[in-house]
Amino acid sequence: MTAADPGPPAPDERILRAGTNARFALLLVLLVASSGAMLLAVLAGLRDGDSIGCLLAAGADADHPFEAGSALRRTGQALAYLPCVAQYDPPVPWWQILTGPAVVLLVAAATTVLLPRWKERPGRCVRLELIDGTGAISARIRDLAAGRVDRVPALFVAPAALSRSGAVFGTDRSPRLRLNAGLVACRDTDPRTFDAVVLHELGHVANRDLTITYATVALWRAFLVLVVCPYLVFSAWLASVFITSGSGSFAAPVARFLILPLVIAVVLYVVRADVLRSRELHADLTARRWGAPLGHVWAAMPARAGHGRVRRWAGAVADRVRTHPKWEVRRDALADPAPLFSVSALLMFLIGVIATLTNVHLISYLLPRLGMLSGWVGQAVGALPAVMVSVSASVLMWRAAAWAAVRDRRPPPACAAGCGWERGWCPVRC
């Protein structure tokens, strides 16, 4: 590539958005479905009742509860089964099922609003104007924000933080920018670093990713505290009951009770980390479009060291759970942003896992009422995960095709989505 041939234009993040909304929607759907189903299991386990006897008396197979509804209708015993269940094991009321997800969402919404206030509390942050006697730093930030963001964030300083970095927090309507003391100190001695860091943080404001970021963090924390912890406590108590009673036939269900929240927590954490990493990389792209001297900052960062195969694999796994990408990843993304717009194999796998878990959880809502419901209800429940997969995969493919069009490259074929086609790894030939 010569100086006269600058190469194809870089993708404009104003057209190809970060894609965090689609990831957040996946996380939200799984979290709501999981909250209701897991809390329903706790409520049902704490209630006295036994519907197994009603199933057996009605001629259904208690080992296959998902087919119980159709079996009851075939044998004509549904009318006898319903009064039996109503007397000996009445289903959990709908309002109790919906209370779990509603409480999680309300607590997450409150946390999203209150978390910025906690971050700016006295003792951790001070207003910039209190230490910026001449107003030069505030004026420089306003100059950098002019014409780039709709509103200048409220400015704070973290006196105890000595690194040359900052953070933007709050919501899209009320952004706050916190400068570390080390960054404020280098305003006069190293203005390029100051400008690069501030422009990166302003990139978050311009991309309007603050609300979704803190909503993601708040949902994750609310789910852990309000759902996972009670579920694990209940599962441990249930396991102790079966162990002390010497009942080995319930070992598999109890193991499922213990493993399920861990699987869901891992999936949610990986999606959460993916949302947070993606916003950082797109903020870099926005800052570069504004002319931020990012290379000047990263030149002082440690270079990637060579490692053996095992350490490379371990590093690749660790990269998927980081909330901030490594410096070399950020440098590589600016040099070639293809991974930001490619159809990731991990993300396609997570979409499938989330759809499967969501379908299982939604069906568990209906298990206590299978004898009352039509078979079409199960088909309708399965339609939501199907829509999730279709929409999510379509958004990913659209972004990949748009990036390829901007770079004047061949778009990835739909049949090879998620298998590393862009890097030549995919064995599929379409």
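Tutor: Buried means under 20% relative accessible area, exposed means over 50%, and partly exposed is the range in between. The model in front of you is predicted.

Student: Why is arginine 208 called partly exposed?

Tutor: Its relative accessibility is 43%. Partly exposed covers the range between 20% and 50%, so arginine 208 counts as partly exposed. The residue sits in the loop between α8 and α9. Its phi is positive, about 55 degrees, although arginine 208 is not a glycine.

Student: What makes aspartate 190 buried?

Tutor: Aspartate 190 has a relative accessible area of 15%. The cut-off for buried is under 20%, so aspartate 190 is buried.

Student: How do you know that the side chains of aspartate 190 and arginine 164 meet in a salt bridge?

Tutor: A salt bridge needs a side-chain nitrogen of Lys or Arg within 4 Å of a carboxyl oxygen of Asp or Glu. For aspartate 190 and arginine 164 the N to O distance is 3.0 Å, so the pair meets the definition. Aspartate 190 lies in the loop between α7 and α8 and arginine 164 in the loop between β2 and β3, so the pair ties together parts that are 26 residues apart in sequence. Arginine 164, at 44% relative accessibility, is partly exposed.

Student: Which residues do salt bridges that share partners join into one network?

Tutor: Start with aspartate 209 and arginine 279, whose side chains meet at 3.3 Å, N to O. Aspartate 209 is in the loop between α8 and α9 and arginine 279 is in helix α10, so this pair ties together parts 70 residues apart in sequence. Both aspartate 209 and arginine 279 are buried. Arginine 279 also forms a salt bridge with glutamate 280, with the closest N and O atoms 3.2 Å apart. Glutamate 280 and arginine 279 are both buried. Asp209, Arg279 and Glu280 are thus joined into one network through shared partners.

Student: Why is arginine 187 said to have no salt bridge?

Tutor: The nearest side chain of opposite charge, aspartate 188, is 4.6 Å away. A salt bridge requires the atoms to be within 4 Å, so this pair does not qualify. Arginine 187 is nevertheless buried, in the loop between α7 and α8. Leaving aside neighbours within four places in sequence, arginine 187 is in contact with Ile137, Arg140 and Phe194.

Student: What is the nearest side chain of opposite charge to arginine 178?

Tutor: That is glutamate 201, 8.2 Å away, and arginine 178 is buried yet has no salt bridge. Arginine 178 is found in strand β4. Apart from neighbours within four places in sequence, its contacts include Arg124, Phe156, Val157 and Phe169.

Student: How do you know that both faces of β4 are covered?

Tutor: Pro175, Leu177 and Leu179 on one side and Arg176, Arg178 and Asn180 on the other are all buried. That agrees with the count for the strand, where six of six residues are buried.

Student: What makes β2 and β4 a pair of strands?

Tutor: Two strands pair if there are at least two bridges between them. Five bridges join β2 to β4, which run parallel, so the requirement is met. Alanine 154 stands opposite arginine 176, and leucine 155 has leucine 177 as its bridge partner. On β3, the pairing with β4 is antiparallel, again over five bridges, with glycine 170 opposite proline 175. A hairpin of four residues joins β3 to β4.

Student: Why are β1 and β3 called edge strands?

Tutor: The open sheet has the order β1-β2-β4-β3, with mixed pairing. β1 and β3 each pair on one side only, so they are its edge strands.

Student: How do you know that the buried residues of α6 line one face of the helix?

Tutor: In α6 the buried residues are Ile137, Ser138, Ile141, Leu144 and Ala145. Seen down the axis, they fall within an arc of 125 degrees, so they line one face. These residues pack against β2, β4, α7 and α8. Glycine 147, with a positive phi near 75 degrees, follows α6.

Notes
Residues are numbered from 1 along each chain as its sequence is written. This is a predicted model: local features need pLDDT of at least 70, side-chain atom pairs count only at pLDDT 80 or more; totals for chains, interfaces and linings use all residues. Side-chain values use heavy atoms; hydrogens and water are left out. Buried means under 20% relative accessible area, exposed over 50%, partly exposed in between (1.4 Å probe, protein chains only). Helices (H or I, at least four residues) and strands (E, at least two) are DSSP runs, numbered from the N terminus. The arc is that of the directions from the helix axis to the C-beta atoms. Contact means heavy atoms within 4.5 Å. Lys and Arg count as positive and Asp and Glu as negative; His and the chain ends are not counted.
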